[in-house]
Amino acid sequence: MILYKLAIVLVTLFFHIKYKITIVGKENIPKEKGGLIIASNHVSNYDPPFIGIVFKSKYTFMAKEELFKNRFFAWLIRKLGAFPVKRGAKDFAAIDTAIESLHNGRTFIIFPEGTRSKNGELGRPKSGVSIIAVKAKAPVIPVFIKYGRKRFRRRALMSIGEVIPAEEFAVDETDKHAIHSISNRIMGSIAELKANAPDIDAKHKSIQ
């Protein structure tokens with residue numbers, strides 16, 4: 001617990017030194033600090049801790065298993081809530097870990113595309129986000145993240161959408177069409193946030 005709190009303090013300090021942050025949709029951050037899924041686009045390895053310091057809750061997230069080969073780095077990201085996932089196949093153990101973390105009151109961060117975008121464009125969603133939402137009966141908050149041009153104190157934007165209630169995920173988990181539709185519903189919300197996101201590199205923008 002002490003190491004976790006220390007890691008969060010250091011990460012928060014790092015972000016406020018490195019980035020000038022804009023948050024859109026603060027009113028959509030729930031008072032509840034766990035038991036929900038945050039579904040975001042993925043453009044940087046910094047995305048999970050960025051989400052964590054904004055939502056201020058204990059969180060877990062999947063990270064590709066290759067990141068756990070370095071013992072020190074593996075220790076660090078585990079302390080921040082990461083657990084390994086095998087990419088390119090349905091990792092049922094990782095899905096079960098995600099569901100367990102939600103039932104234990106954690107916030108679970110997931111990137112529906114399954115990988116980082118190299119150009120900032122959104123990709124097609126995988127089924128993992130919808131399977132977890134359906135099985136855990138957990139609400140989903142869509143999030144869009146964008147980083148500005150590289151500079152000292154680079155700008156960073158997080159746009160937070162309205163919660164998608166768990167009731168929308170009351171479907172048969174074996175119904176592939178329903179699962180696919182839920183993934184598209186979640187990704188569509190992220191796309192809408194992207195479309196309405198301000199230009200954080202515009203000179204006239206005032207960043208709070």
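Is Lys-56 buried or exposed? Select Lys-56 and turn on the surface to see for yourself: Lys-56 is exposed, because its relative accessible area is 63%, and anything over 50% counts as exposed. Keep in mind as you go that this is a predicted model.

**Stop 1: Lys-56 and its backbone**

Stay with Lys-56 for a moment. You'll find this residue in the loop between helix 2 and strand 3. Now look at the backbone: phi of Lys-56 is positive, about 50°, although the residue is not a glycine.

**Stop 2: His-42**

Next, select His-42. Where does His-42 sit? Its place is in the loop that runs between strand 2 (37–40) and helix 2 (47–55). His-42 is buried, with a relative accessible area of 11%; the cut-off for buried is under 20%.

Show the side chain of His-42 and the backbone of Ser-44. A polar atom of the His-42 side chain lies 3.4 Å from the backbone oxygen of Ser-44. Then bring up what surrounds His-42. Setting aside residues up to four places away in sequence, His-42 touches Asp-47, Phe-111, Glu-113, Thr-115, Arg-116 and Ser-117.

**Stop 3: the two ends of helix 3**

Move on to helix 3, residues 71–79. At its start, pick Asn-70 and Phe-72: a side-chain oxygen of Asn-70 reaches to within 3.1 Å of the backbone nitrogen of Phe-72. Then slide along to the other end. Just after helix 3 comes Gly-81, with a positive phi of about 105°.

**Stop 4: helix 5 and what covers it**

Now colour helix 5, residues 128–136. How many of its nine residues are buried? Seven are, and helix 5 is mostly covered. To highlight the buried ones, select Val-129, Ser-130, Ile-131, Ile-132, Ala-133, Val-134 and Ala-136.

What does the covering? Show strand 2, strand 3 (59–64), helix 4, strand 5 (107–110), strand 6 (140–147) and helix 6, which are included in what covers the buried residues of helix 5.

**Stop 5: Ile-132, inside helix 5**

Zoom in on Ile-132, which is found in helix 5. Ile-132 counts as buried because its relative accessibility is 0%. Draw a distance from its C-alpha to that of Ile-99: the two atoms are separated by 6.3 Å, while the residues are 33 apart along the chain.

Then show the contacts of Ile-132. Leaving aside neighbours within four places in sequence, Ile-132 is in contact with Ile-37, Met-62, Ile-95, Ala-98, Ile-99, Leu-102, Phe-108, Ile-110 and Lys-137.

**Stop 6: helix 4 against helix 5**

Add helix 4, residues 92–103, to the view. Two packed helices are described by the angle between their axes and the distance between the axes. For helix 4 and helix 5, the axes come within 10 Å and cross at roughly 45°. The two helices are therefore oblique to each other. As for the hand of the crossing, helix 4 passes helix 5 in a right-handed one.

To see the contact itself, show the side chains on both sides. From helix 4, pick Ile-95, Ala-98, Ile-99, Leu-102 and His-103; these meet Ile-131, Ile-132, Lys-135 and Ala-136 in helix 5. Colour them by type and you get seven nonpolar residues, one polar and one charged.

**Stop 7: helix 5 against helix 6**

Hide helix 4 and bring in helix 6, residues 176–195. Helix 5 and helix 6 pack at an angle of about 105°, with their axes 8 Å apart. That makes the pair roughly perpendicular, because angles of 65 to 115 degrees count that way.

Here the residues to show in helix 5 are Val-129, Ser-130, Ile-131 and Val-134, which meet Ile-179, Ile-182, Ser-183 and Ile-186 in helix 6. By type, the residues of this contact divide into six nonpolar, two polar and no charged.

**Stop 8: Lys-137, just past helix 5**

Follow the chain out of helix 5 to Lys-137, in the loop between helix 5 and strand 6. Its phi is near 55°, a positive value in a residue other than glycine. Lys-137 counts as exposed because its relative accessibility is 65%.

**Last stop: Asn-196**

Finish at Asn-196, in the segment after helix 6. Asn-196 counts as exposed, at 60% relative accessibility. Select Ser-159 too and draw one more distance: Asn-196 and Ser-159 are 37 residues apart in sequence and 8.9 Å apart in space, C-alpha to C-alpha.

Definitions and conventions
Residues are numbered from 1 along each chain as its sequence is written. This is a predicted model: local features need pLDDT of at least 70, side-chain atom pairs count only at pLDDT 80 or more; totals for chains, interfaces and linings use all residues. Side-chain values use heavy atoms; hydrogens and water are left out. A polar contact is a pair of N or O atoms within 3.5 Å; within protein, one must be able to donate a hydrogen and the other to accept it, and residues adjacent in sequence count only if both atoms are side-chain atoms. Helices (H or I, at least four residues) and strands (E, at least two) are DSSP runs, numbered from the N terminus. Buried means under 20% relative accessible area, exposed over 50%, partly exposed in between (1.4 Å probe, protein chains only). Contact means heavy atoms within 4.5 Å. Axes are lines fitted to C-alpha atoms, for helices over the stretch in contact, and angles run from 0 to 180 degrees between N-to-C directions. Angles under 35 degrees count as roughly parallel, over 145 as roughly antiparallel, 65 to 115 as roughly perpendicular and the rest as oblique. A crossing is left-handed if the near helix is turned anticlockwise from the far one by less than a right angle, and right-handed if clockwise. Ala, Val, Leu, Ile, Met, Phe, Trp, Tyr, Cys and Pro count as nonpolar, Asp, Glu, Lys and Arg as charged, and the others, Gly among them, as polar.
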